[in-house]
Amino acid sequence: MKLKKIDLLAGVLVTVIWGCNFSVIGLGLKSLDPFLLTLLRFFLCAIPLALFIKKPPNIGYRTLALYGVLFGAGLWWVVNFAMYNGLSPGMSSVFLQFSAFFTIVLSSLFLKEKINAVHGAGMLLAGAGLLMMLYLAEQSSTTTAILLVLLAALSWSLCNLIVKVKKPQNMIAFIVWSSLFSVPAILIMTLFAEGLRPFRNLLDDFTWGAGFSLFFQSYITTILGYWVWNNLMKHYPASLVAPLSLIVPVSGVLTSYLFFDERLSPAQGLAIALVLIGIAIFINSER
């Protein structure tokens, strides 16, 4: 199977948007508690849209709950918490993309999707590029924060697996209704960790930057982005789709270079080239 050009373009566009998302999360964390930022993001994904969009017809509540908890709490709550504890947006985006490798391996183990030597070469090159980007990053990080984002990457790969197995007919409805289950899971974690303190300070802490961050994360990153991404996951083998997520840290680096005048070193250029070559090998593996 080969990716259609329109699907490839859509996948690349979404990953470029996601490359900007980590900086947008950082903008929200400047004024809002990470638990509360995640809670409000998924609340806005679910309400009021769930009042107007019917539940996906072929998906049970158990599946919606499992996806919602993994996606909302296991993926994005964990990422926000790691960033709140000092992991930079760039480093977070690099580590989270290891979900591509987790997804390919899990799809091979549980769905019997084939991984051949060409896929292995693509993973090797793209992985080398990611590690180079990590090595060249100027920001420091902690082992705990890195482990948290790797846990989030595993949660994302499990979400991909759920989509591939259950194949939701209406992907927008699937995202909106699963977000209903993200909210109580994140709320419980917030109350357990910090009690009511984040809610007491909400009005004082809320800024225009936080509002923009929530809008972007809820409607652009989550509903639009995962509508495209999950549909690609539903129709194509993981080995064709998952590697596209490796563009996320690349787009983050290039965006900083183009719009924020950050210097792009030859070594960073080589790292980006390795990732892109690895992705090209994946996409053209059947050739």
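**From a cis proline to an enclosed cavity**

Pro48 is found in the loop between helix 2 and helix 3. In this predicted model, the peptide bond that leads from Ile47 into Pro48 is cis, with omega near 10°. Most peptide bonds are trans, and most residues other than glycine have a negative phi.

Two lysines make a good next stop, as both have unusual backbone angles to look at. Lys112 lies in the loop between helix 5 and helix 6 (117–136), and its phi is near 60°, a positive value in a residue other than glycine. With a relative accessible area of 65%, Lys112 is exposed. Lys167, in the loop between helix 7 (143–166) and helix 8, has a positive phi of about 50° although it is not a glycine. The relative accessibility of Lys167 is 41%, and this residue counts as partly exposed.

Lys112 follows helix 5, which is made up of 12 residues, 99–110. From its first C-alpha to its last, helix 5 reaches 16 Å, close to the 16 Å expected at 1.5 Å a residue. Its buried residues are Ser99, Ala100, Phe101, Thr103, Ile104, Leu106 and Ser107.

Back on the other side of the Pro48 loop, helix 2 covers residues 34–46. Its 13 residues reach 19 Å from the first C-alpha to the last, close to the 18 Å expected at 1.5 Å a residue. At the start of helix 2, the backbone nitrogen of Phe35 has a side-chain oxygen of Asp33 within 2.8 Å. How much of helix 2 is buried? Of the 13 residues, 11 are buried, so helix 2 is largely enclosed by the rest of the structure. The buried set runs from Pro34 through Phe42, and also includes Cys45 and Ala46; Arg41 is one of these buried residues. The partners against which they pack are helix 1, helix 3, helix 8 (171–194), helix 9 (197–200), helix 10 (202–205) and helix 11.

Thr190, in helix 8, gives a residue-level view of this packing. Its relative accessible area is 0%, and Thr190 is therefore buried. Leaving aside residues up to four places away in sequence, Thr190 touches Phe35, Gly195, Pro198 and Phe199.

Helix 8 also comes into the picture through Ala73, a residue of helix 3 (residues 61–84). Is Ala73 buried or exposed? At 6% relative accessibility, Ala73 counts as buried. Beyond residues up to four places away in sequence, its contacts are Gly68, Val78, Ala185, Ile186 and Met189. Ala73 and Ser182 stand 109 residues apart in sequence, while their C-alpha atoms are 6.5 Å apart in space.

The last topic is empty space. Rolling a probe the size of a water molecule over the atoms shows where such space is left. A search of the whole structure finds one cavity of 30 Å³ or more, and the largest cavity has a volume of about 50 Å³. Its lining consists of Trp18, Asn21, Phe22, Trp76, Leu96, Gln97, Trp156, Thr221, Tyr226 and Val248. By type, seven of the lining residues are nonpolar, three are polar and none is charged. Helix 1 (5–29) and helix 11 (208–235) each supply at least two residues of this lining, and helix 1 gives the most, with three residues.

Technical notes:
Residues are numbered from 1 along each chain as its sequence is written. This is a predicted model: local features need pLDDT of at least 70, side-chain atom pairs count only at pLDDT 80 or more; totals for chains, interfaces and linings use all residues. Side-chain values use heavy atoms; hydrogens and water are left out. Helices (H or I, at least four residues) and strands (E, at least two) are DSSP runs, numbered from the N terminus. Buried means under 20% relative accessible area, exposed over 50%, partly exposed in between (1.4 Å probe, protein chains only). Contact means heavy atoms within 4.5 Å. On a 1 Å grid over the protein atoms alone, a cavity is a set of points where a 1.4 Å probe fits but cannot get out, and a pocket is an open set with protein on both sides within 12 Å along at least five of seven lines; lining residues have an atom within 4 Å of a point. Grid points are joined across faces, edges and corners, and a volume is the space filled by probe spheres set on the points. Ala, Val, Leu, Ile, Met, Phe, Trp, Tyr, Cys and Pro count as nonpolar, Asp, Glu, Lys and Arg as charged, and the others, Gly among them, as polar. The expected span of a helix is 1.5 Å times one less than its number of residues. A polar contact is a pair of N or O atoms within 3.5 Å; within protein, one must be able to donate a hydrogen and the other to accept it, and residues adjacent in sequence count only if both atoms are side-chain atoms.
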